[in-house]
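Work through the exercises below with the sequence and coordinates open. Each task is followed by a stepwise solution.

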Amino acid sequence: MDEAALQQALTDTQNLGEMPDADAVGTVGSPDCGDMVRLWIKYKEKDGRKVIDKASFQSFGCQTAIAVASIATELIRGKTKEEALSMSAEDLSKPLGPLPPMKIHCGQMVEGALRAALEAESKPAATSAAPIVSDQSGTLADALTAAGKTQGKIKIVLTS
Ligand code: FES
């Protein structure tokens, strides 16, 4: 991993924060470390295609996860859902260089949150694929607080 690129991505963190008018949201927890990422997506029509207008994220995760999420929210702008779905964790973290083995799951967690958001938008809520975290409203902090109060409300699934 390129340490300078990582520090640069952290210094210039993009698109951090909740997006109240988002069209879709996805949340993933990493079984490897217990960290979490939530990612919001807003679409727009451009040249007759529905593309990602903007994306934002919140993360309770390590620096690598934050950097990858920041980069990912920029990389997917202007892409269709299908184009974004075709991006791997490796694609999303490419500006950081190859991640060391113990950090690969950090990129996979961001990929998982992105996939959850992309797939959540295309299916009715009742039948959406594997709700990764049951409470998608509010901030990630709200979800964690609620989970602490209600015990076991957050469902963690494997992201790979
Ligand atoms: S160590 Fe948990 S996301 Fe990176």
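**Exercise 1. Determine how many residues of strand E1 (residues 24–29) are buried, and on which faces they lie.**

Step 1. Set the ground rules. The model is predicted, so local features need pLDDT of at least 70 and side-chain atom pairs count only at pLDDT 80 or more, while totals for chains, interfaces and linings use all residues. Residues are numbered from 1 along each chain as its sequence is written.

Step 2. Fix the terms. Helices (H or I, at least four residues) and strands (E, at least two) are DSSP runs, numbered from the N terminus. A residue is buried if 20 or more other C-beta atoms lie within 10 Å of its own, exposed if 12 or fewer, and partly exposed in between, with C-beta atoms placed from the backbone.

Step 3. Count. In E1, six of six residues are buried.

Step 4. Split by face. In a regular strand the side chains alternate between the two faces of the sheet. Ala24, Gly26 and Val28 are buried on one side of E1, and Val25, Thr27 and Gly29 are buried on the other.

**Exercise 2. Derive the strand order and the sense of pairing in the sheet.**

Step 1. Apply the pairing criterion: two strands pair if DSSP finds at least two bridges between them.

Step 2. List the pairs. E1 and E2 (residues 36–46) are antiparallel over six bridges, with Gly29 opposite Met36. E2 and E3 are antiparallel and joined by eleven bridges; one of the partnerships is Val37 with Ser59.

Step 3. Inspect the E1–E2 hairpin. Six residues separate its strands, and Gly34 has a positive phi near 85°.

Step 4. Assemble. The three strands make an open antiparallel sheet ordered E1-E2-E3. E1 and E3 (49–60) each have a single partner strand, so one side of each is left without a neighbour in the sheet.

**Exercise 3. Check the length of helix H2 (residues 63–75), its placement and its burial.**

Step 1. Compare spans. The expected span is 1.5 Å times one less than the number of residues. For the 13 residues of H2 this gives 18 Å, and the end C-alpha atoms are 18 Å apart, so the two agree.

Step 2. Place the helix. H2 lies across E2 and E3, at about 165° to E3. Axes are lines fitted to C-alpha atoms, for helices over the stretch in contact (C-beta atoms, placed from the backbone, within 7 Å). Angles run from 0 to 180 degrees between N-to-C directions.

Step 3. Count burial. Eleven of the 13 residues in H2 are buried, including Ile66, Val68, Ile71 and Leu75.

Conventions: Contact = placed C-beta atoms within 7 Å.
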